[in-house]
Amino acid sequence: MDLKELKSNWFNEFSQPLMIAGPCSAESESQMLETARRIKETHAEVPVFRAGIWKPRTKPNGFEGVGVIGLNWLKKVKEEYGFKTATEVANAHHVFAALEADVDILWIGARSTVNPFTIQEIAMALKGTDKPVFVKNPVNPDLALWNGALERLLGQDIKKLGVIHRGFSTYQKTKYRNNPNWQIALDFKSQFPDIPMLIDPSHICGNRTGLADVTQEALNVGYQGAMIETHSNPDEAWSDAAQQITPEVLATLISNLKVRNTDVAGFEKDMGRHRTLISDLDFQLIELLSQRMKISEKIGKLKKENDIAIFQPERWKVIREYAEQKAVETGMSKEFIEKLFKAIHEESIEVQNNIMIDR
Ligand code: PEP
Ligand code: MN
């Protein structure tokens with residue numbers, strides 16, 4: 001069977017958009033139960049409670065999860081508050097323990113999706129279960145790895161599949177903890193429109209302020225839900241404290257979301273998708289400009305050390321020529337590119353001037 005033939009009927013049992021909330025990590029029974037109770041008390045439509053039981057941490061010696069004891073707390077959350085439960089599995093042992101504890105939904109974390117051996121092990125351990133499994137995107141921006149993970153699961157007859165977009169690592173410092181790279185997720189979505197896709201704004205933003213915007217943006221382009229880290233006392237969380245929110249803040253976030261009807265005429269969806277891609281590109285443009293300015297600064301220092309004038313007409317001529325040529329090649333107006341490069345060049349000169357004057 002091909003991924004394209006997968007049906008997402010299983011997903012209809014959940015309210016949509018599907019909201020999954022709960023702490024990054026299970027820490028104690030009281031933290032789990034209090035978080036669950038307070039989510040319930042807000043009456044927000046959150047049918048699934050998440051908690052990490054085994055935590056993949058970037059560096060050793062940090063908190064690596066409470067382990068199997070946390071599964072009992074998830075069970076209590078289910079019994080006392082009626083949530084379905086979800087946790088991350090990263091090896092066969094996790095899968096067996098989570099199935100034994102009757103966790104309702106499993107997800108595979110970004111650090112596992114990158115590793116075909118790990119995915120194969122998890123997929124084989126899952127064979128024979130009909131639990132829904134969500135696959136987070138791999139940490140690196142590689143669509144094939146994401147697809148490959150789903151194919152391995154499908155290869156073991158796991159058919160209730162969904163994906164979670166949690167952003168991608170970059171070495172560059174950006175305003176995101178994990179760059180959304182919307183294009184990759186949207187490419188996935190166009191290839192497999194029937195596989196439910198959720199957004200994980202918590203790991204994309206790495207802070208609390210951007211969560212609502214990222215979630216809304218995802219709904220605008222047709223995502224079917226979100227997984228949002230929620231903690232009874234976020235500031236004191238044992239992992240990912242900066243990005244977790246309280247149940248009450250979660251409820252406000254959810255109530256402010258505009259849910260797009262998935263059946264609207266293509267127009268609105270296309271518009272949302274195009275706008276998201278434009279924002280993505282603008283963001284990259286700004287990053288590139290900032291890199292360019294930093295190199296300008298280095299050139300400025302060299303000019304200063306060697307007593308060379310900032311403005312080098314020959315060099316400016318070369319830049320104008322290649323910019324103009326590129327404008328023609330890419331079908332853009334020469335006048336526009338000239339205006340744009342004049343502005344960039346002017347700013348470069350300004351940056352270098354500051355260096356000359358400073359010392
Ligand atoms: C998580 O959801 O807590 C988690 C570890 O996510 P990711 O795999 O996206 O880093
Ligand atoms: Mn987390």
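Helices, of at least four residues in H or I, and strands, of at least two residues in E, are DSSP runs numbered from the N terminus. All views show a predicted model.

**Figure 1. The protein chain comprises 13 helices and eight strands.** Taken along the principal axes, the box filled by the C-alpha atoms of the protein chain is roughly 75 × 45 × 40 Å. The protein chain has 359 residues, of which 49% count as buried. The following views take up individual parts of the chain.

**Figure 2. The segment before strand 1 contains proline 17.** The peptide bond between glutamine 16 and proline 17 is cis, with omega at about 0°. In general, most peptide bonds are trans.

**Figure 3. Strand 1 is mostly covered, with five of its five residues buried.** On one side of strand 1 lie Leu18, Ile20 and Gly22, and on the other Met19 and Ala21; both faces are covered. In a regular strand, side chains alternate between the two faces of the sheet. Strand 1 pairs with strand 8 (residues 225-229) in the parallel sense, over five bridges. In this pairing, methionine 19 is set opposite alanine 226 of strand 8. Strand 1 also runs parallel to strand 2 (residues 48-50), to which two bridges join it. Here alanine 21 is the residue opposite phenylalanine 49 of strand 2. Together with helix 1, strands 1 and 2 form a right-handed β-α-β unit.

**Figure 4. The manganese ion (ligand 2) is coordinated by four side chains: Cys24 through SG, His203 through NE2, Glu229 through OE and Asp240 through OD.** The coordination distances are 2.1 to 2.4 Å. Along the sequence, the spacing of the donor residues is C-x178-H-x25-E-x10-D. Cysteine 24 belongs to the loop between strand 1 (18-22) and helix 1 (29-42), and histidine 203 to helix 8 (residues 201-205), so this pair ties together parts 179 residues apart in sequence. Cysteine 24 and histidine 203 are both buried.

**Figure 5. Aspartate 240, a donor to the manganese ion (ligand 2), lies in the loop between strand 8 and helix 10 (247-256).** Phi of this residue, which is not glycine, is positive, near 50°. Most residues other than glycine have a negative phi. Aspartate 240 counts as buried because its relative accessible area is 18%, under the 20% limit for that class.

**Figure 6. Strand 5 (residues 133-136) is covered on both faces.** Val133 and Val135 on one side, and Phe134 and Lys136 on the other, are all buried. Strand 4 (residues 105-108) is a parallel partner of strand 5, with three bridges between them. Isoleucine 108 faces valine 135 of strand 5 in register. Strand 6 (residues 161-165) also runs parallel to strand 5, and four bridges join the two. Opposite lysine 136 stands isoleucine 164 of strand 6. Strand 5, helix 6 (residues 143-155) and strand 6 form a right-handed β-α-β unit.

**Figure 7. Phenylalanine 188 is a residue of helix 7 (residues 182-191).** Because its relative accessibility is 0%, phenylalanine 188 counts as buried. Its C-alpha atom is 8.0 Å from that of asparagine 147, although the two residues are 41 residues apart along the chain.

**Figure 8. The largest pocket has a volume of about 440 Å³.** Seventeen residues line this pocket, and those closest to its centre are Leu285, Ile337, Leu340, Phe341 and Ile344. Helix 11 (266-305), helix 12 (313-330) and helix 13 (334-358) each contribute at least two residues to the lining of the largest pocket. The greatest share comes from helix 11, which supplies six residues. By class, the lining of the largest pocket consists of 13 nonpolar, two polar and two charged residues.

**Figure 9. Aspartate 307 occupies the loop between helix 11 and helix 12.** Phi of aspartate 307 is near 55°, which is a positive value in a residue other than glycine. Aspartate 307 is classed as exposed because its relative accessible area is 74%, over the 50% limit for that class. Aspartate 240, shown in Figure 5, likewise has a positive phi, but that residue is buried.

Technical notes:
Residues are numbered from 1 along each chain as its sequence is written. Chains are lettered from A and ligands numbered from 1 in the order in which they are written. This is a predicted model: local features need pLDDT of at least 70, side-chain atom pairs count only at pLDDT 80 or more; totals for chains, interfaces and linings use all residues. Side-chain values use heavy atoms; hydrogens and water are left out. Donors are N, O and S atoms within 2.8 Å of the metal (3.2 Å for Na, K and Ca); water is not among the atoms, so sites may look incomplete. Buried means under 20% relative accessible area, exposed over 50%, partly exposed in between (1.4 Å probe, protein chains only). On a 1 Å grid over the protein atoms alone, a cavity is a set of points where a 1.4 Å probe fits but cannot get out, and a pocket is an open set with protein on both sides within 12 Å along at least five of seven lines; lining residues have an atom within 4 Å of a point. Grid points are joined across faces, edges and corners, and a volume is the space filled by probe spheres set on the points. Ala, Val, Leu, Ile, Met, Phe, Trp, Tyr, Cys and Pro count as nonpolar, Asp, Glu, Lys and Arg as charged, and the others, Gly among them, as polar. Two strands pair if DSSP finds at least two bridges between them. A crossover is right-handed if, with the strands pointing away from the viewer, the path from the first strand over the helix to the second runs clockwise.
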